[in-house]
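Good morning, everyone, and thank you for making room for me on the schedule. Please have the sequence and the structure open while I talk, and stop me if a name goes by too quickly.

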Amino acid sequence: MSELRNNWTKEEIAEIYHRPLLDLVYEAATIHRENKDYAEVQISSLISIKTGGCPEDCAYCPQAARYNTGVDVHAMMPKDEVIAVAEKAKAGGASRLCMGAAWREVRDNRDFDKVIEMVKAVNELDMEVCCTLGMLTESQAQRLADAGLYAYNHNLDTSEEDYKRIITTRTYDDRLKTLEHVRKAKITVCSGGIIGLGETVEDRISMLKTLSNLPKHPESVPINALVPIKGTPLADQARLPIWDMVRMIATTRIIMPKTVVRLSAGRTEMTTVEQAFCFMAGANSIFAGDKLLTTPNPAFDTDKAMFELLGLKARAAFKNGKPGQHEHVQEYINLEAN
Ligand code: SAM
Ligand code: DTB
Ligand code: SF4
């Protein structure tokens with residue numbers, strides 16, 4: 001079993017990232033097999049409960065009000081519709097439902113009350129409930145935890161150094177504070193980033209350093225490939241070679257051996273062979289369902305065929321304990337503070 005470290009240096013991470021590709025993948029695959037059932041892949045389903053009209057200026061995002069992206073703006077979705085989507089996702093093998101809202105931050109209003117009701121209802125379906133709602137205060141995180149929220153997704157997206165180029169309407173520190181609030185409420189942390197934003201390799205390494213040096217490793221790290229959106233400042237970014245994704249996943253797997261590494265946005269542009277390489281490099285989670293939040297994702301049947309071909313199986317919900325039994329989760333990823 002690998003030792004969990006939260007003192008990785010940029011030099012160490014860079015040395016791993018730049019290893020000859022096959023050595024890197026072999027090392028990541030070995031660590032993956034030592035720490036996990038490598039054939040088990042966690043399936044999350046996404047639902048956009050409130051779409052578009054967001055006041056933030058995230059340069060990649062189809063939901064930022066200031067860019068003309070043609071996204072269909074929607075107010076809060078009714079609870080019944082959310083439940084129907086959750087049930088369908090569960091029948092398709094998803095163990096987790098992630099509800100996303102195009103908010104800068106949560107406000108203590110009726111919409112938040114509605115989210116709390118949705119969290120309770122999805123939890124009753126025996127699915128892991130995740131939310132991604134923007135910034136949270138400590139008391140809001142606690143309210144979500146009390147409702148049974150299992151995970152909170154809040155991405156760092158890029159390095160601290162690169163942040164201002166991508167987002168100016170909030171700071172890296174704001175992001176880290178929310179992650180602290182989530183941890184304090186004993187909700188599991190899902191935090192990762194995007195590659196293909198025009199960042200340097202040093203930025204990717206710096207972001208991985210921040211994630212791996214948090215007091216506890218995030219339980220999930222999503223690695224997204226930019227989905228270029230017409231109307232956003234990053235509309236014309238070139239697609240990255242698949243090997244950048246493979247290197248990023250493998251490095252994440254090596255430095256955070258117990259973490260669930262999610263091969264996230266960008267799969268529609270990847271062949272099965274390319275995705276197989278990502279699984280070999282240590283990815284053990286995907287978003288399934290034909291839509292991410294606003295953009296397409298591979299069809300259910302395509303993913304089912306890929307799982308059969310590669311011998312992958314869907315991971316059951318709550319393998320590390322249910323909400324309320326978070327001591328177990330904490331123990332699983334416990335790190336000695338340096
Ligand atoms: N508004 C909340 C926030 O920003 O935290 C939650 C929703 S936001 C859409 C969730 C994440 O989706 C972002 O942090 C980003 O990592 C990812 N994302 C958004 N647009 C994307 C795109 N075009 N390509 C890849 N990932 C994207
Ligand atoms: C994450 O890291 N990726 C997901 C989820 N967390 C919320 C979102 C991807 C969004 C891609 C663009 C869209 O569909 O709007
Ligand atoms: Fe808003 Fe989130 Fe999109 Fe940024 S990523 S514009 S905060 S929805």
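I will go through three pairs of helices and then turn to the two ligands.

Before anything else, please keep in mind that what you are looking at is a predicted model.

Let me begin with helix α3, which covers residues 79-91, and helix α4, which covers residues 110-124; these two pack at an angle of about 30°, and their axes are 10 Å apart. Angles under 35 degrees count as roughly parallel, and therefore α3 and α4 are described as roughly parallel to each other. When α3 passes α4, the crossing is right-handed. If you would like to find the contact on your screen, look on the α3 side for Lys79, Val82, Ile83 and Ala86, and on the α4 side for Glu117, Met118, Ala121 and Val122. Sorted by class, this contact of α3 with α4 holds six nonpolar residues and two charged ones, with no polar residues.

The second pair is helix α8, residues 201-212, with helix α9, residues 242-255, and here the packing angle is about 25° while the axes are 11 Å apart. That angle makes α8 roughly parallel to α9, and the crossing of α8 and α9 is right-handed. Which residues of α8 and α9 meet? From α8 they are Arg204, Met207, Leu208 and Ser212, and from α9 they are Asp244, Met248, Thr251, Thr252 and Ile255. The classes in this contact of α8 with α9 are four nonpolar, three polar and two charged residues.

The third pair is helix α2, residues 21-35, and helix α10, residues 272-280, which pack at an angle of about 60° with their axes 8 Å apart. α2 and α10 are therefore oblique to each other. In this pair, Leu22, Val25, Ala29 and His32 of α2 meet Phe277, Phe279 and Met280 of α10, and the contact of α2 with α10 divides into six nonpolar residues, one polar residue and no charged ones.

Now let us move to the ligands.

Around ligand 1 there are 18 residues, and those that come nearest are Tyr60, Asn155, Asp157, Arg175 and Val227. Asn155 places a polar side-chain atom 2.9 Å from an oxygen atom of ligand 1, and Val227 has a backbone N or O atom 2.9 Å from a nitrogen atom of the ligand. Trp103 also takes part, with a polar backbone atom that is 3.1 Å from a nitrogen atom of ligand 1.

The residues around ligand 2 include Leu46, Pro62, Thr132, Phe287 and Leu292, and also Asn153, Asn155 and Asn224. What lies 3.3 Å from an N or O atom in the side chain of Asn153? That is a nitrogen atom of ligand 2. An oxygen atom of ligand 2 is 2.8 Å from an N or O atom in the side chain of Asn155, and for the side chain of Asn224 the distance from an N or O atom to an oxygen atom of ligand 2 is 2.8 Å.

As a last thing to look for, please find Asn155 once more, since its side chain has a polar atom 2.9 Å from an oxygen atom of ligand 1 and an N or O atom 2.8 Å from an oxygen atom of ligand 2.

Conventions:
Residues numbered from 1 in each chain as written. Chains lettered and ligands numbered in written order. Predicted model: local features only at pLDDT ≥ 70, side-chain atom pairs only at ≥ 80, totals over all residues. Heavy atoms only, no water. Axes fitted to C-alpha atoms, helices over the stretch in contact; angles between N-to-C directions. Helix = DSSP H or I, 4+ residues; strand = E, 2+ residues; numbered from the N terminus. Parallel < 35°, antiparallel > 145°, perpendicular 65-115°, else oblique. Left-handed = near helix turned anticlockwise from the far one by under 90°. Contact = heavy atoms within 4.5 Å. Nonpolar A, V, L, I, M, F, W, Y, C, P; charged D, E, K, R; others polar. Near = heavy atom within 4 Å. Polar contact = N/O pair within 3.5 Å; in protein donor to acceptor, adjacent residues only side chain to side chain.
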